[in-house]
4 protein chains.
Amino acid sequence: MNLKMKKQLQKKKDMLRSAAMVISKKGYHRATMDDIAAELLMTKGALYYYFANKEELIFQCHEMILSEAIEEIEAILALEVTSIEKMEKAIIRHIYFAIDEKEMFNMLLQPESTFADQHISVILEKREKYSSLFDEIIAEGKRNGSFRVKEAKMVRMIILGAMNWIQQWYSSKGEQSKEDVAKIYAEYLLKILI
Amino acid sequence: MNLKMKKQLQKKKDMLRSAAMVISKKGYHRATMDDIAAELLMTKGALYYYFANKEELIFQCHEMILSEAIEEIEAILALEVTSIEKMEKAIIRHIYFAIDEKEMFNMLLQPESTFADQHISVILEKREKYSSLFDEIIAEGKRNGSFRVKEAKMVRMIILGAMNWIQQWYSSKGEQSKEDVAKIYAEYLLKILI
Amino acid sequence: MNLKMKKQLQKKKDMLRSAAMVISKKGYHRATMDDIAAELLMTKGALYYYFANKEELIFQCHEMILSEAIEEIEAILALEVTSIEKMEKAIIRHIYFAIDEKEMFNMLLQPESTFADQHISVILEKREKYSSLFDEIIAEGKRNGSFRVKEAKMVRMIILGAMNWIQQWYSSKGEQSKEDVAKIYAEYLLKILI
Amino acid sequence: MNLKMKKQLQKKKDMLRSAAMVISKKGYHRATMDDIAAELLMTKGALYYYFANKEELIFQCHEMILSEAIEEIEAILALEVTSIEKMEKAIIRHIYFAIDEKEMFNMLLQPESTFADQHISVILEKREKYSSLFDEIIAEGKRNGSFRVKEAKMVRMIILGAMNWIQQWYSSKGEQSKEDVAKIYAEYLLKILI
DNA sequence: CATGAATGAGGGTTCATTCAT
DNA sequence: GATGAATGAACCCTCATTCAT
């Protein structure tokens with residue numbers, strides 16, 4: 001029984017991952033339920049067996065991705081290292097994610113007012129939760145004297161905005177390795193904090 | 001004759017502006033030609049007299065807005081002030097634009113792979129042109145010793161990314177005035193350059 | 001201008017009439033928008049130019065038919081004849097309608113819980129309005145001593161029920177002419193009132 | 001074995017009864033096989049074990065209900081009472097049924113051209129059989145001088161139609177008890193016969 | 001016997017686009 | 001130049017039905 005449920009859960013995750021692929025590649029509106037089903041080697045009908053409708057599907061995509069991202073940054077927060085190192089790691093982690101999972105990441109940046117009010121609040125909450133983890137690092141850094149910033153919220157926004165923009169220009173085929181990019185970004189962004 | 005053409009041009013600009021409003025408010029896909037026509041107090045049919053199709057319409061929106069933005073930054077570049085001041089002014093100008101014309105600005109950030117190849121290259125070229133103006137300021141600053149950065153391209157991306165993200169969180173109803181936001185952003189972002 | 005609007009109104013009426021034909025022949029659920037459009041020698045798209053959706057379409061059918069029926073019985077009520085004659089004429093009129101416009105009439109009898117609350121109240125009101133015209137005749141007859149009934153409401157229901165059932169068995173190909181049927185029904189039903 | 005079959009039969013009857021409930025409440029088209037299965041605390045798959053398809057299911061519903069109704073009226077016919085009393089009892093029985101089992105009764109009134117030809121003839125035959133029982137009472141009454149009607153068929157139709165219409169207006173929450181309604185109806189309808 | 005999963009054929013609806021007037 | 005009307009291709013979604021397990 002438990003095994004069965006685990007399998008089901010795994011399957012749903014796999015489906016969400018594939019769906020996110022298509023959706024973020026084509027965009028929410030251009031990706032049809034047929035497209036998504038095809039990617040899953042299913043028919044549309046089967047898709048609707050698992051998800052009530054298109055919005056529900058994309059909503060669950062969002063949720064899954066955000067939850068995973070939150071977990072990872074939380075793990076960094078729990079490390080026993082300096083605040084500077086935490087921020088560095090968080091920045092690098094974020095950038096790796098933005099590059100490695102470009103499609104899914106991209107999806108998060110374009111909620112496109114697709115969601116019904118009920119869903120949107122959940123998503124926004126989770127987004128805020130994620131962002132607040134960066135706030136925590138900043139706050140911790142201020143407390144122990146590592147960082148010297150007054151407008152913490154805005155600094156957080158600057159950092160997140162700078163990182164998210166990578167989407168728009170980075171190409172894995174380019175000359176820069178993702179490791180280099182991440183390192184350089186971390187270096188420059190830390191200049192703002194210190 | 002010349003007057004007539006001017007009038008026509010002005011009319012078209014007005015149309016583009018209104019259209020951009022609707023499109024960026026609703027998003028490209030949710031904004032129907034009917035919506036746009038209604039905003040222009042026209043019928044759909046009339047709209048098609050001026051623009052061959054929806055893509056052409058949005059393409060011209062993009063072009064107009066970008067051209068105007070480029071002009072403004074070019075004007076700053078031509079000023080006889082220090083590089084630091086130029087960058088400061090450019091940042092503030094950009095942020096004002098992002099806040100004051102949120103809808104149009106937003107449209108620029110979501111090309112959404114709407115464009116056919118033919119159009120997209122024109123847009124990308126113009127975008128690049130705009131971005132390169134920031135490069136020029138940075139280069140100038142490096143030449144005259146004001147700025148000390150190695151990875152100029154990446155720094156430019158950090159700055160642009162940070163600024164564009166304002167879209168996502170700034171609300172005119174919030175406590176922060178746009179003047180404050182622009183000033184603070186300029187201050188922090190200049191820290192990266194110096 | 002006025003002529004144009006009249007034409008449009010007439011066209012809409014024609015459309016409603018044809019639509020009612022299909023719908024009542026096939027039933028609301030079996031009649032597809034394609035079917036209806038085909039009957040109108042149109043495409044589905046054109047249909048949606050005139051009616052927001054299927055429910056709106058059928059709602060307007062109902063309304064039109066009921067309105068016309070109400071007018072006719074009201075005309076009978078206004079005649080200067082005895083109550084008995086009025087009831088006789090109303091019965092005959094109703095039965096003619098049930099037989100001549102079998103399809104539309106049939107549609108009225110099967111609201112099939114198709115309507116949204118907003119619409120259903122309008123329809124029920126109009127139905128009640130129609131039925132109340134029979135009440136008025138009965139009341140008038142009681143006042144002037146022609147009729148001798150205690151439970152007026154129930155008698156009205158008996159009369160309407162009996163007449164509406166004709167739908168279920170009368171066939172124009174059968175031996176009975178509609179004139180005969182109407183006359184006999186009137187005769188028997190008046191026995192209840194007198 | 002015999003016991004087993006009896007149990008099975010009973011089970012099927014229970015299923016039909018529950019199914020009829022859902023179908024007549026929602027209407028044939030709005031009631032999905034899922035709905036029906038849920039009411040039976042089963043899954044769709046199981047339902048298909050018992051019934052070949054949806055039409056078969058509703059067909060058996062019809063048949064069961066009609067058979068039961070026929071039996072009851074036949075019992076009345078066999079009583080040793082006057083024709084007037086028989087008709088009175090039949091009317092009352094019919095009305096009780098219409099009120100007590102509103103949903104199932106309602107289903108019978110809306111065959112909705114759901115049935116394939118093969119089925120429909122069986123149903124129509126059974127309906128006719130039921131109706132003919134009223135004919136028999138009338139005929140018997142005519143023979144023994146209780147009733148004085150020429151157009152027996154039409155009178156039967158008037159009586160049935162009047163009774164079936166009760167569906168449309170009677171509410172158990174209303175002021176009238178079903179006993180009152182049945183009595184009054186019987187009284188008025190007998191006026192037609194005598 | 002029963003279930004979960006899948007299929008596939010529509011049906012309602014939207015909307016960019018066209019065109020006669 | 002402008003309008004109303006119409007088209008048709010997609011798209012989301014539903015649901016009766018099937019079937020391996």
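Copies here are superposed by least squares on the C-alpha atoms of residues with pLDDT of at least 70 in both. This is a predicted model, where local features need pLDDT of at least 70, side-chain atom pairs count only at pLDDT 80 or more, and totals for chains, interfaces and linings use all residues. Residues are numbered from 1 along each chain as its sequence is written, chains are lettered from A and ligands numbered from 1 in the order in which they are written, and side-chain values use heavy atoms, leaving out hydrogens and water.

Let's start with chains A and B. Chain A lands on chain B after a rotation of 179° with 0.0 Å of shift along the axis, at an RMSD of 0.2 Å. That's the relation of a two-fold axis. In chain A, the residue that comes closest to the rotation axis is Ala162(A), with its C-alpha at 2.2 Å.

Now for the rings. Rings of Phe, Tyr and Trp (its six-membered ring) pair if their centres lie within 6.5 Å; planes under 30 degrees apart count as stacked, over 60 as edge-to-face and the rest as tilted. By this rule there are 22 aromatic pairs over all chains. One of them is the tilted pair Tyr130(A) and Phe134(A), 5.7 Å centre to centre with 55° between the planes. Tyr130(A) is buried at 8% relative accessibility, and Phe134(A) is buried at 1% (buried means under 20% relative accessible area, exposed over 50%, partly exposed in between, with a 1.4 Å probe and protein chains only).

Over in chain D, Trp169(D) and Tyr185(D) make a stacked pair, 6.3 Å centre to centre and 20° between the planes. Trp169(D) is partly exposed at 22%, while Tyr185(D) is buried at 0%.
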